[in-house]
Amino acid sequence: QVQLVESGGGLVQTGGSLTLTCAASGRTVNSRAMAWFRQAPGKEREFLSAIDWSSGSTIYKDSVKGRFTIAENSAQNTVYLQLNSLKPGDKAVYYCASGWWSTRAYDSWGQGTQVTVSS
């Protein structure tokens with residue numbers, strides 16, 4: 001089992017930036033993939049980005065390419081999501097997840113961190 005704790009959410013103005021942090025712990029964390037999802041009120045949870053611990057490979061949802069950047073610090077078992085040029089539509093609870101790069105299946109989730117963007 002992998003334990004995940006997100007932080008870094010908050011209130012920001014349109015056009016602003018935030019850096020979300022996910023601290024991971026567990027025996028197999030470094031052999032897994034890490035991902036970020038978000039869920040806005042009344043909407044389904046959506047995938048944003050993922051990174052493979054082993055290779056550093058990354059993938060992004062098309063609509064956030066160029067605005068969001070995922071990165072890892074393997075020495076600290078931490079994954080980041082840099083959010084730039086934020087819009088009111090980015091308001092959501094952002095979740096960190098751990099799973100498998102090959103299948104894109106995620107079986108461990110954090111508690112989420114709220115991001116609110118004011119217009």
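**Exercise 1. Find the ring faces that R45 lies over, and give the distances.**

*Solution.* Start with W109: R45 lies over the face of this residue, at 4.6 Å from the ring centre. The rule here is that NZ of Lys or CZ of Arg is within 6 Å of the ring centre and within 35 degrees of the ring normal. Next, look at Y95: the charged end of R45 sits over that ring too, 4.0 Å from its centre.

A quick note before going on: this is a predicted model, where local features need pLDDT of at least 70, side-chain atom pairs count only at pLDDT 80 or more, and totals for chains, interfaces and linings use all residues. Residues are numbered from 1 along each chain as its sequence is written, and side-chain values use heavy atoms, with hydrogens and water left out.

**Exercise 2. Work out which aromatic residues cluster with W109, and describe the pairs that F37 makes.**

*Solution.* Step one is the count: the structure holds three aromatic pairs. Rings of Phe, Tyr and Trp (its six-membered ring) pair if their centres lie within 6.5 Å; planes under 30 degrees apart count as stacked, over 60 as edge-to-face and the rest as tilted.

Step two, take F37 with F47. Their rings are edge-to-face, with 5.5 Å centre to centre and 80 degrees between the planes. F37 lies in strand 4 and F47 in strand 5 (residues 46–52), so this pair ties together parts that are ten residues apart in sequence. Strands here are DSSP runs (E, at least two residues), numbered from the N terminus. How covered are the two? F37 counts as buried at 10% relative accessibility, while F47 is partly exposed at 25%. The cut-offs are under 20% relative accessible area for buried, over 50% for exposed, and partly exposed in between (1.4 Å probe, protein chains only).

Step three, take F37 with Y106. This pair is edge-to-face as well, at 5.5 Å centre to centre and 80 degrees between the planes. F37 sits in strand 4 and Y106 in strand 10, so the pair links parts that are 69 residues apart in sequence. Both F37 and Y106 are buried.

Put together, F37, F47, Y106 and W109 make up one aromatic cluster.

**Exercise 3. Trace the salt bridges of R38 and of R32.**

*Solution.* First, the rule: a salt bridge is a side-chain nitrogen of Lys or Arg within 4 Å of a carboxyl oxygen of Asp or Glu. That gives six salt bridges.

Now R38, which is buried at 8% relative accessibility. One of its partners is E46, at 2.5 Å from N to O; E46 is partly exposed, with a relative accessible area of 23%. Another partner is D90, where the closest N and O atoms are 2.9 Å apart. R38 lies in strand 4 and D90 in the loop between strand 8 (78–83) and strand 9 (92–100), so they tie together parts 52 residues apart in sequence. D90 counts as buried, at 2% relative accessibility. Through shared partners, salt bridges join R38, E46, K61, R67 and D90 into one network.

Then R32: its salt bridge is with D107, the closest N and O atoms being 2.8 Å apart. R32 is in the loop between strand 3 and strand 4 (33–39) and D107 in strand 10 (residues 105–109), so the pair connects parts 75 residues apart in sequence. R32 is buried at 7% relative accessibility, whereas D107 is partly exposed at 44%.

**Exercise 4. Lay out the sheet that holds strands 1, 3, 8 and 7, and locate S25.**

*Solution.* Begin with the order: four strands form an open sheet, 1-3-8-7, with antiparallel pairing. Two strands pair if DSSP finds at least two bridges between them. Strand 1 (3–7) and strand 7 (68–73) stand at the edges with a single partner strand each, so one side of each has no neighbour in the sheet.

Zoom in on the first link: five bridges join strand 1 to strand 3 (residues 18–25). Among the bridge partners, S7 has T21 in strand 3.

Finally, find S25, which is also in strand 3. S25 is partly exposed, at 35% relative accessibility. Its C-alpha atom is 6.7 Å from that of L4, although the two residues are 21 apart along the chain. Leaving out residues up to four places away in sequence, S25 touches Q1, V2 and Q3 (contact means heavy atoms within 4.5 Å).
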